[in-house]
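Hi,

Here is the structure I promised to pass on. Have a look at it first, and my notes follow underneath.

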Amino acid sequence: MNKKLVIFLLAAAFGFSFANAQNKVASQPLAALQQQFVDLRFGMFIHFNIPTYMDQDWPDPDASPAIFNPTKLNCDQWAKAAKSANMSYGCLTTKHHSGFCIWDTKTTDYNVMNSPLKKDVLREFTDAFRKNGLKVMLYYSILDTHHRLRPNMITKKHIEMVKAQITELLSNYGEISALIIDGWDAPWSRISYDDIPFEDIYKLVKSLQPNCVIMDLNGAKYPAEGLYYSDIKTYEMGAGQRVSKESNHMPALACLPIQKAWFWKTTFPTEPVKDAAKLVNETIIPLNNANCNFILNVAPNRDGLFDDNALTALKEIGKLWHNEGPEKKLPELDAPIISSNIAKKQPASASWSDDSNIMDQANDDDFTTSWISNPTVAKPWYEIDFDRDRAFNTISIAEEKANISNYRLEYFENSQWKPIFNGENSKRVKIHRFNRVYGSKVRIWIDKSDHQASIAEFGVYDEQR
């Protein structure tokens, strides 16, 4: 293991408990934190890193730290610009996909202290935003191409590095209201929640800062009605993801850049930015009315400053938009699922299905495919076989459209089937939590559905809360 990382982990073991004791705050219920997040309504995303100096969002992961040289860095300018737009918080990219850390990390030499700046940008950011009365959030990428943390190459050392870096971020910079994670469980990153165990990271975040909400920007693959691996539903609008402005009842986050890309480009000073009135009337207000917090990215230039056209647009937004106070109260929600799906890609059986929609499509980790029962089957069933007894305490049933209304859940233990649930639930995403059981099989009997019974994903979990 890297010597710096060993030293850091030892220091963490003996030092961070004291730091946390010094800054200990009362833990709030997740529902309260979700409501507070929605009530913030509008904030600033700041993409600032090695890509700023390479005219592209995905730069060479081996680019030298020597190119990172914002000679006029002024985070107070950023914070005042956010205030001019009546924003309530800022969120900084602490590490993007190419792995360069813009804080004084002890986990790698690939960081800002080895750049010409030799200054902790994260410290400058947190100090400036708090001084201006703004809350602080952080962005962190799991995908890290510089450190070769990428598909089919992940090692135990990578997991240790991720945990150590998150520990630094949440231990040394005061209260962090939210941690936005990227490059994880996405089709383009191909790093699953099993490769870097989500539950471990979630628990680490909550142990360090219990009032920090955690969200994964790549959560769009999951149904809008369920909280899978996130405290907050996320929608990257530039990638075509859209929250329903009519039916969303989940706490949500949506994001867009004010410029044409996330990181600064040489053309930005002379190109138009997004129209302020259109942003306010067609994006911010409608999203806020749908329980969605909107975060607008503004990219600092190579000097470490916002361009004049962006500053002007932010002031114009501030003339048109004001935070009107708390949003309507969120409904009571299920807790997020955070553990690995032990049913994923396990042997599955079912009653007769349509030819092209067979049983393995209900546990393939793809919510766009489904097992669909043949319409002639009166009492459809679906079953997962673990081959040995497994512990579990949660089952989720997600459908492409709400369809199944009455059903029974049971598990197989000691050569007999035992009941878990028997009743009615017409939600599109059905979450069942119960006392931990041990079984080698899990089965659902479908007693009533509006049309052909179908299941997009059948999940089984052992949640260690």
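Asn74 caps the N-terminal end of helix α3, with a side-chain oxygen 3.1 Å from the backbone nitrogen of Asp76. Keep in mind that this is a predicted model. At the other side of the helix, just after α3, Asn86 takes a positive phi of about 65 degrees.

Between those two spots, Cys75, Gln77, Trp78, Ala79, Ala81 and Ala82 of α3 are buried. What do the buried residues of α3 pack against? They pack against β1 (42-46), β2 (89-95), α4 (121-131) and α8.

The α8 side is worth a closer look. Helices α3 (residues 75-84) and α8 (residues 308-320) pack at about 35 degrees, and their axes are 7 Å apart. From α3 come Gln77, Ala81 and Ser84, while α8 brings Leu311, Leu314, Lys315 and Gly318. By class, that contact has three nonpolar, three polar and one charged residues.

Both helices also show up in the largest nonpolar core, which has 92 residues; Trp78 and Ile317 have the most contacts inside it. Beyond its neighbours within four places in sequence, Ile317 is in contact with Phe42, Ala85, Ala276, Leu279, Val280, Ile284 and Leu296. Another core, of 23 residues, lies apart from that one, and includes Ile384, Tyr411, Val442 and Ile455.

One last spot: Thr145, in the loop between β3 (135-141) and α5 (156-171). Is Thr145 buried or exposed? Its relative accessible area is 16%, so Thr145 counts as buried, the cut-off being under 20%. Leaving aside neighbours within four places in sequence, Thr145 is in contact with Pro61, His97, Ser98 and Arg150.

Cheers

Conventions
Residues are numbered from 1 along each chain as its sequence is written. This is a predicted model: local features need pLDDT of at least 70, side-chain atom pairs count only at pLDDT 80 or more; totals for chains, interfaces and linings use all residues. Side-chain values use heavy atoms; hydrogens and water are left out. A nonpolar core is a set of buried Ala, Val, Leu, Ile, Met, Phe, Trp, Tyr and Cys residues joined through side-chain atoms within 4.5 Å. Buried means under 20% relative accessible area, exposed over 50%, partly exposed in between (1.4 Å probe, protein chains only). Contact means heavy atoms within 4.5 Å. Axes are lines fitted to C-alpha atoms, for helices over the stretch in contact, and angles run from 0 to 180 degrees between N-to-C directions. Helices (H or I, at least four residues) and strands (E, at least two) are DSSP runs, numbered from the N terminus. Ala, Val, Leu, Ile, Met, Phe, Trp, Tyr, Cys and Pro count as nonpolar, Asp, Glu, Lys and Arg as charged, and the others, Gly among them, as polar. A polar contact is a pair of N or O atoms within 3.5 Å; within protein, one must be able to donate a hydrogen and the other to accept it, and residues adjacent in sequence count only if both atoms are side-chain atoms.
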